[in-house]
Amino acid sequence: MEEKKEFLCGVVEGFYGRPWTMDQRKVLFQWMQHWGLNTYLYGPKDDLKHRLLWREVYSPEEEAQLRTLIVDAHSRGLRFVYALSPGQDIVFSSSCDLTLLKRKLRQVTDLGCQAFAILFDDIDHSMCQADSEAFSSFAHAQVTITNEIYRFLGEPPVFLFCPTEYCGSLCSPSVSKSPYLQTIGEDLLPDITVIWTGSKVISRKLSADCLIEVESVLQRSPLIWDNLHANDYDSRRLFLGPFKGREPQIRNHLRGLLLNPNCEFEANYIPLHTLGSWYRSGHEERKDEEPEYCPDRALSDALHDWMDELNQPLQPGRQSKQTEQRASGPTSRCKTPDRSDCPPPFRGSSAMAKPLPVFPLNPSSPPTSPTNVKGERKGQEVEKPNPPNRPNHQAPVCRPGAPSGGGRGQKAQGQGLSGGKGLLSESQVRLLVGLYYLPHEHGTSAEKLLQDLTWLKSNCHMVSANSKKTLPLKVDEWRGRASRFLSLCEDIAQLHCSVVGGANRAILYDLYPYVWDLRNTALAAKAFICWLDGRVLSDSSTLASWRNCFHWCGKTTGADVLGVESEPWVFKGGVSGEVQMLLPVGNSSELFTHPPPLFPTSRLYNIRPYHSKDKLELYRMVRQLHVRTQGGQESSVAHPDIVGDRCLGPCLALTPEYTFILEDELGVCGCVLGILDVRSFAKRCQASWLPAMRDKYPTKGGNTHPNAQDLLQLMEEDQGEYPDSLLYHFPSQLRLDALPELVDISVSRTLLTSLLTALKSNGSQGVFCEVQPTDRQRLEFLTKLGFLEILRGEARNREGVVLGRLL
């Protein structure tokens, strides 16, 4: 009776994305040994350039590295499998190509490798003329080469073959009737193992029935190349959930199972930990008292162990004593300076151009005089940061969009803007895993986020600006659910802060792009929900109707697209993408996709609608920016409101519902202003705002202010007429008049996105912005967000450049 072969269970090093370092691989081997996994499949990075490396031999330096890797794997009892992908350009009938392939594999054999894999996945089915004449089919050509290599290597006990039809969805016309698979099953030598991914490239479940069908066609038990946690197809997704959807009983129909993990090494602790639990649950004969594999229980066990790693400081090139003993701690890569500990640069230093007042979007020059960064205003106390290890912030129940009040140095009330560097709590890690769970399934926290946002969006008529029929109980229900949604968004912001401030820097730099992206998306969603309360127009409006909410908000979510039959890459972005698509401007990917900053910062930001109590702080901010650029003293400003009245006054007085505030731990640090209908806004300015300014700054009499005449002239020019051809397509206007220098410049993009969301919600089809032609920084910023030049030097007889964007 033939002896049963060992079940191969382990890891495939990610074939896409950046390759792992030698230190990371050594840590991986420690994890695998500790968790009972036995197989590691290694291959060159799988792009076109590296697919051609099968023609080349390794250099002495590369040989030394590969030998070290093989020896280290063998010393820990792991089976090292070396893989090559020659199918991209090999001529199957060429004896020269066959010799080159043998030469490469012989070199790897001499380094101590005893297990191999030949991969023919993701290649064109067509053959060249010479191969068509030599072989009856594409499958026949692959089988001939594979059998030859297998014999050349001495028929090693582990030799894997990946077919071009490697899952059910790629088989033509079906698995059982595929001529390609039938040829593989009949002609491939029986001891060669065939790789299979399941019914899909990324299979939600692996069922025994489907595996039995494959086993019958291939005439052998397949080895599963499991892409459950692979994230190389979507730069915004990460999979931290447990190994799931594969019952241990399927092992009876398999030669083995190798997990293709996340590209980011540090993100694979839970996937591999739970894979080990799955493998051990069926590794030996199960006793009656032993439970079946439970993904939730395995997740809890993995989370418990991962907590030690998340909060453990690691030094480059060295593992801690605890790590070596537990065989579960990653080695940190070269440490990048942590800028989160450094004080933020001084805010705002550009000049306010007289024709068109604007302030900087980005740092460009140092402050003109020494300043106290932590407290910019005299007489204001800056709240000290909370001590480390503080519990997660829980926002009090309050009306969405309630003002923070206070000055720049005061913490916004109920906004959770106080951050501190400390340990990640278990509840935060569970939140992280729930937000980045599995390809076909969201975790609990992501489900709550999406369900609440969908409900609040579709029921926004309950709190619309001109609704008079809504019952108070319905309003309370909406606001109560909004408060829960806002609290979850604040928890996401706190999670971002804690990841940045965490002790394990290796984990920080692998997870940071994902939590940063979700933080920004949550900021935009939070601002949108705050704005909906009392600001979205109801049925009586000619511009918009809440009944059309699903027209201006994306109707399609990932769950709708994916279902059971689709691959998860059909819908991009994961939970971040789904939140994005539920926003009015969700189809504009340029507003949401942006590379993360080079140096992570743990500063907390909040974006919310403007309230009248913010006016004093905003006026103070633009006045100080103006004074800095002029190099003078604040006392040199003729009237404390002059700068604010020109830059912000009209919008704050006439259309305050389209102003959004940006604040950090110290208070208000920026804003963006919008005008829904420029034509009607101009008429209102002429009728009420400009007369009020003439009264406030008289040009004659005892109360005359210096330069009052010039100021009034500039205000009138600011409210001049725009061409009808412009306003026909772009009826709305935005003004970035008060956005100062920021530590994380990406929040300025999110701030602008919040305004565009509000404008589109109330019926705008396009927005424009006037910029000085010399302001290259602002022009570049807006261009990257989809704005195009519409007019130059033609608007209101001014030199400004008008950039427009359709919504």
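Visitor: What comes after α3, and what is the sign of its phi?
Guide: G77 follows α3. Its phi is positive, near 75 degrees. The model here is predicted: local features need pLDDT of at least 70, side-chain atom pairs count only at pLDDT 80 or more, and totals for chains, interfaces and linings use all residues. Numbering starts from 1 along each chain as its sequence is written, and side-chain values use heavy atoms, with hydrogens and water left out.

Visitor: How do you know that the span of α3 agrees with its number of residues?
Guide: First, the term. A helix is a DSSP run of H or I with at least four residues, a strand is a run of E with at least two, and both are numbered from the N terminus. The expected span is 1.5 Å times one less than the number of residues. Helix α3 has 16 residues, 60-75, so it should span 22 Å. Its end C-alpha atoms are 22 Å apart, which agrees.

Visitor: What makes one side of α3 the buried side?
Guide: Buried means under 20% relative accessible area; exposed means over 50%, and partly exposed lies in between (1.4 Å probe, protein chains only). In α3, L66, L69, I70, D72 and A73 are buried. They cover an arc of only 165 degrees around the axis, so they sit on the same side of α3. That arc is taken from the directions from the helix axis to the C-beta atoms. The face turned away carries the exposed residues P60, E61, V71 and S75.

Visitor: What do the buried residues of α3 pack against?
Guide: They pack against α1 (22-35), β2 (39-42), β3 (79-84) and α4 (95-110). Contact means heavy atoms within 4.5 Å. F80 gives another view of this region. Leaving aside neighbours within four places in sequence, F80 is in contact with residues including L66, L69, I70 and A73.

Visitor: Why does K102 count as buried?
Guide: K102 lies in helix α4. Its relative accessibility is 18%. The cut-off is under 20%, so K102 counts as buried. Not counting residues up to four places away in sequence, K102 touches E148, I149 and F152.

Visitor: Why is β13 called largely enclosed?
Guide: Six of the six residues of β13 (766-771) are buried, so the rest of the structure largely encloses this strand. G766, F768 and E770 point one way, and V767, C769 and V771 the other way.

Visitor: What makes β13 and β15 a pair?
Guide: Two strands pair if DSSP finds at least two bridges between them. Six bridges join β13 to β15 (801-806), so they pair. They run antiparallel. G766 stands opposite L806 in β15.

Visitor: What is the handedness of the unit made by β6, α8 and β7?
Guide: The unit of β6, α8 (208-218) and β7 is a right-handed β-α-β unit. Right-handed means that, with the strands pointing away from the viewer, the path from the first strand over the helix to the second runs clockwise. Two bridges join β6 (193-196) to β7, and these strands run parallel. β7 also pairs with β8 (256-259) in the parallel sense, over four bridges.

Visitor: What makes a set of residues a nonpolar core?
Guide: Its members are buried Ala, Val, Leu, Ile, Met, Phe, Trp, Tyr and Cys, joined through side-chain atoms within 4.5 Å. The largest core has 169 residues; L28, F80, Y82, W278, I529 and L752 touch the most other members. Its largest share, 18 residues, comes from α15 (505-532).
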